[in-house]
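Me: I am new to this structure and would like a close look at one part of it. Could you take me through the side-chain pairs, aromatic and charged, and tell me where their partners sit?

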Amino acid sequence: MENKLAAEDVDAVVEVLKSEYPDLSEDYLREIVNNQRHGNYSLPSEPQPSSTRSRSAMLSKSNWKGITVSQMGAAIDAAIIGASGGAASLGVKFAIKKIGKEAAKKVIVKAIQAIVGGAAGKVTSTVVGKALDYAGSPGYYIAKYWDAHDKYSKNGRINF
């Protein structure tokens, strides 16, 4: 999975992701984007919430294993935008149009595999296809689907 994002486009990607994932800090999102630019699709350590309200919600869920829906969604969306190589300020839907749905599917599957390894098999190609047609963020759609079908469904985290 080739990330074609230039260093000067990182801030624009972070702005796009920040609007979709306001519960993640700007620094955390920047770390995701920069890591992916260098081929590292693993998630950074637990994010610092961007607000006090988010902080208390996150602390109450910190005992759950797994990653948050926002963490997974942001990582998937960042991978799609990175694969498109620019025009980041136009968002993830523009990135999908630029690289095409088939290429976007491959990027999503590879990103999920790089992030969670063998647990990626829980997300089917049908779900990925539907996510690309979803009006909002494909990453968020996939993460919410996964959360709804994991061991502790609908707790805001993807539990492996």
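Reply: Happy to help; here is a walk through the aromatic pairs and then the salt bridges. This is a predicted model, in which local features need pLDDT of at least 70 and side-chain atom pairs count only at pLDDT 80 or more, while totals for chains, interfaces and linings use all residues. Residues are numbered from 1 along each chain as its sequence is written, and side-chain values use heavy atoms, with hydrogens and water left out.

Let's start with the rings. Rings of Phe, Tyr and Trp (its six-membered ring) pair if their centres lie within 6.5 Å; planes under 30 degrees apart count as stacked, over 60 as edge-to-face and the rest as tilted. By this rule there are two aromatic pairs. Tyr-21 and Tyr-140 have ring centres 6.4 Å apart and planes at 55°, so this pair is tilted. Tyr-21 belongs to the loop between helix H1 (10–20) and helix H2 (26–37) and Tyr-140 to helix H8 (residues 138–148), so the pair ties together parts 119 residues apart in sequence. Helices here are DSSP runs (H or I, at least four residues), numbered from the N terminus. Tyr-21 is buried, at 0% relative accessible area, whereas Tyr-140 is partly exposed at 29%. For these words, buried means under 20% relative accessible area, exposed over 50%, and partly exposed in between (1.4 Å probe, protein chains only). Tyr-134 and Tyr-141 form a tilted pair too, 5.1 Å centre to centre with 45° between the planes. Tyr-134 is partly exposed at 33%, and so is Tyr-141 at 25%.

Now for the charged side chains. A salt bridge is a side-chain nitrogen of Lys or Arg within 4 Å of a carboxyl oxygen of Asp or Glu, and the whole structure holds six of them. In one of these, Lys-101 meets Asp-133, with the closest N and O atoms 2.2 Å apart. This bridge links distant parts of the chain, from Lys-101 in helix H6 (residues 101–116) to Asp-133 in helix H7 (residues 125–133), 32 residues apart. Lys-101 is partly exposed at 42%, while Asp-133 is exposed at 54%.

Helix H6 also holds Lys-105 and Glu-102, three residues apart and separated by about one helical turn. Their side chains form a salt bridge of 3.6 Å, N to O. Glu-102 is exposed at 52% and Lys-105 partly exposed at 28%.

Finally, Glu-26 and Lys-18 join in a salt bridge of 2.9 Å, N to O. Both residues also belong to a network of salt bridges that links Asp-11, Glu-15, Lys-18, Glu-26 and Arg-30.

How values were computed: Helix = DSSP H or I, 4+ residues; strand = E, 2+ residues; numbered from the N terminus.
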